[in-house]
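The following exercises are intended for a reader who meets this structure for the first time. Each task is followed by a solution in steps.

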Amino acid sequence: MTGWCKQAALVGLGATVLLMVTVGYLGFNDVKHLVVDTSSKISSKARSSLPILHKFVEGTADKLKNLTASAVSSFVPKTIDLNTKQHISYGSKNPGDAPRGISVPQKDASSDNSTSQETAHGTGEAPAKQGPVKSCRARSNIVLFKMHKCSSSTVQNILFRFGEEHHLNFVLPPVGNYLGHSPFNKRYMIKFPLKEYNILCHHTVFNARGMAEVMPVNSIYTTILRNPVPMFESLFTYNNMAYWYGLPNSRALELFLNRPNYYYRKSDGGILHVKNPMLYGLGLPKAALADPHAVDRKIEDLKGQFDLVMITEYFDESLVLLRHLMCWELDDIVYFVHNARSKSAVKTVPPKVAAKIRQWNYGDVKLYESFNRTFWQRVDAFGVDRMKEEVSKLRERNQYYKEHCIAEVTNQNSRVWHPQGIPIDSFLLRKEAAGDTMCVRMAEPELLYTDHIRQVQKSRYGLQ
């Protein structure tokens with residue numbers, strides 16, 4: 001079949017699928033399963049572009065829902081029964097209001113395709129679990145783009161636990177916790193005797209096409225963003241940029257921002273990058289980081305590539321949306337905060353310095369503001385009162401596990417990696433909780449948990 005014939009066939013398939021979704025004959029999850037079934041029958045090159053099809057279908061959800069039944073009835077047989085199955089709304093297309101939070105009593109003191117199963121609880125009475133109405137199947141395939149200094153280690157721990165509990169397969173680096181420092185490529189991962197994996201959640205540079213080569217086409221893609229001012233301060237401090245630039249610790253950030261282009265050229269941006277670091281992590285090339293048009297194009301591309309972009313400042317609300325997107329249980333998303341600096345190491349950013357950060361990283365500001373708007377559109381579609389209720393339940397469960405599991409929060413734990421001079425909080429378990437699987441998993445630091453999963457998966461496939 002010639003190239004133009006293949007393209008015409010793909011367009012025809014897409015139009016047919018969109019029509020079937022419009023009238024409710026197919027759900028959006030069904031579309032992904034259809035693409036999965038199709039993918040096994042085509043070449044690997046063509047297969048890598050299939051995620052674009054189901055992302056496009058999902059991104060078109062609101063437009064499809066605006067079609068009325070009377071308009072559809074003129075060209076669709078009336079004998080087709082409309083599918084009444086509930087789906088998660090992807091929000092309206094109208095711009096959202098200014099950033100806002102949901103007022104819920106704070107009980108949480110933190111600072112900085114298998115069937116769902118119950119996880120271990122240990123002993124003692126716990127508040128009742130609240131699971132989603134089971135009109136859906138728990139999803140197992142997910143890509144978390146792990147954004148630096150945005151609470152992504154905490155989300156990663158949630159995925160570690162779910163994957164271990166359900167014996168899923170992870171995309172894993174051969175050593176450490178980085179899948180390379182350049183756009184993701186499967187050459188950076190351990191080669192297991194698998195064509196596809198379930199979970200990709202370690203540090204890398206985002207590359208949708210490369211990830212599609214190892215992840216199923218029905219994978220959920222998610223990441224998390226943070227207000228660029230505290231994010232940049234955290235990145236700058238955590239990675240000891242004062243040392244690399246030869247600046248005094250007490251004024252390093254201020255002095256850097258007085259001459260950012262000078263220091264930027266001096267280090268060629270650095271491995272983690274100090275110019276629009278969130279956009280850089282998401283795959284915008286270094287040469288384009290100062291190009292406003294390239295920034296705008298990248299943001300639009302990302303809207304079609306991610307199913308959910310979470311927001312650090314609204315972490316609990318983000319996890320509620322993730323839980324419903326994945327059709328998981330409430331206890332699947334409980335958490336302890338990981339890889340966070342002790343409060344004594346968190347610096348307040350003066351207003352003048354904050355303004356300079358926003359000016360220097362204006363691309364990250366646009367990125368954050370854009371996805372903050374779409375985030376609150378999704379919360380509105382989910383239901384504000386419903387969100388308040390679910391956030392309250394999540395915090396109740398978090399508080400239970402803190403009391404049940406944790407004896408002490410410490411920054412002196414030798415099992416946890418600390419950047420030079422930066423105290424990092426971790427958790428010491430109560431003696432009664434030392435044998436509790438849930439407590440152990442929730443408290444396990446990122447590097448040690450990665451080593452554990454790597455050993456388990458190597459043993460599973462005889463690679464020891």
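**Exercise 1: A strand and its partners**

In this predicted model, Leu144 stands opposite Thr222 of strand 5. Task: determine which strands pair with strand 5, and in which sense.

Solution. Step 1: strand 1 (residues 142-145) pairs with strand 5 in the parallel sense, over four bridges. Step 2: on strand 6, Leu308 stands opposite Thr222. Strand 6 (residues 308-311) and strand 5 are likewise joined in the parallel sense, over four bridges. Step 3: the partners of strand 5 therefore include strand 1 and strand 6.

Task: establish whether the residues of strand 5 are buried or exposed.

Solution. Step 1: Ile220, Thr222 and Ile224 point one way, while Tyr221, Thr223 and Leu225 point the other way. Step 2: the residues of both sets are buried. Step 3: because six of the six residues of strand 5 (residues 220-225) are buried, the strand is largely enclosed by the rest of the structure.

**Exercise 2: The surroundings of a helix**

Task: state how many residues of helix 9 are buried, and what covers them.

Solution. Step 1: helix 9 spans residues 228-238, and 10 of its 11 residues are buried. Among them are Phe232, Leu235 and Phe236. Step 2: the cover includes helix 10 (241-245), helix 11 (252-258) and helix 13 (277-281). It also includes helix 16 (351-360) and helix 17 (362-382). Step 3: at the start of helix 9, a side-chain oxygen of Asn227 comes to within 3.0 Å of the backbone nitrogen of Val229. After the helix comes Asn240, with a positive phi near 55°.

**Exercise 3: Aromatic rings**

Task: classify the pair Phe162 and Trp328, and explain which parts it ties together.

Solution. Step 1: a pair of aromatic rings is described by the distance of the centres and the angle of the planes. Step 2: a search of the whole structure gives 24 aromatic pairs. For Phe162 and Trp328 the centres are 4.0 Å apart and the planes differ by 15°, so the pair, with its angle under 30 degrees, is stacked. Step 3: Phe162 belongs to helix 7 (residues 152-165) and Trp328 to the loop between helix 15 (315-326) and helix 16, so the pair ties together parts that are 166 residues apart in sequence. Both Phe162 and Trp328 are buried. Step 4: by contrast, Phe375 and Trp376 form an edge-to-face pair, at 5.3 Å centre to centre and 90° between the planes.

Task: identify the residues that ring pairs link into a cluster, and find a charge placed over one of these rings.

Solution. Step 1: the cluster holds Phe232, Phe236, Tyr245, Phe256, Tyr262, Tyr263, Tyr264 and Trp360. Step 2: Arg259 lies over the face of Tyr262, at 4.1 Å from the ring centre.

**Exercise 4: Positive phi values**

Task: locate Ser151 and Cys327, and decide whether each is buried or exposed.

Solution. Step 1: most residues other than glycine have a negative phi. Step 2: Ser151, though not a glycine, has a positive phi of about 70°, and Cys327 has one near 60°. Step 3: Ser151 is in the loop between strand 1 and helix 7, whereas Cys327 is in the loop between helix 15 and helix 16. Step 4: with a relative accessible area of 17%, under the 20% limit, Ser151 is buried. Cys327, at 2% relative accessibility, is buried as well.

Key:
Residues are numbered from 1 along each chain as its sequence is written. This is a predicted model: local features need pLDDT of at least 70, side-chain atom pairs count only at pLDDT 80 or more; totals for chains, interfaces and linings use all residues. Side-chain values use heavy atoms; hydrogens and water are left out. Buried means under 20% relative accessible area, exposed over 50%, partly exposed in between (1.4 Å probe, protein chains only). Helices (H or I, at least four residues) and strands (E, at least two) are DSSP runs, numbered from the N terminus. Contact means heavy atoms within 4.5 Å. A polar contact is a pair of N or O atoms within 3.5 Å; within protein, one must be able to donate a hydrogen and the other to accept it, and residues adjacent in sequence count only if both atoms are side-chain atoms. Rings of Phe, Tyr and Trp (its six-membered ring) pair if their centres lie within 6.5 Å; planes under 30 degrees apart count as stacked, over 60 as edge-to-face and the rest as tilted. A charge sits over a ring if NZ of Lys or CZ of Arg is within 6 Å of the ring centre and within 35 degrees of the ring normal. Two strands pair if DSSP finds at least two bridges between them.
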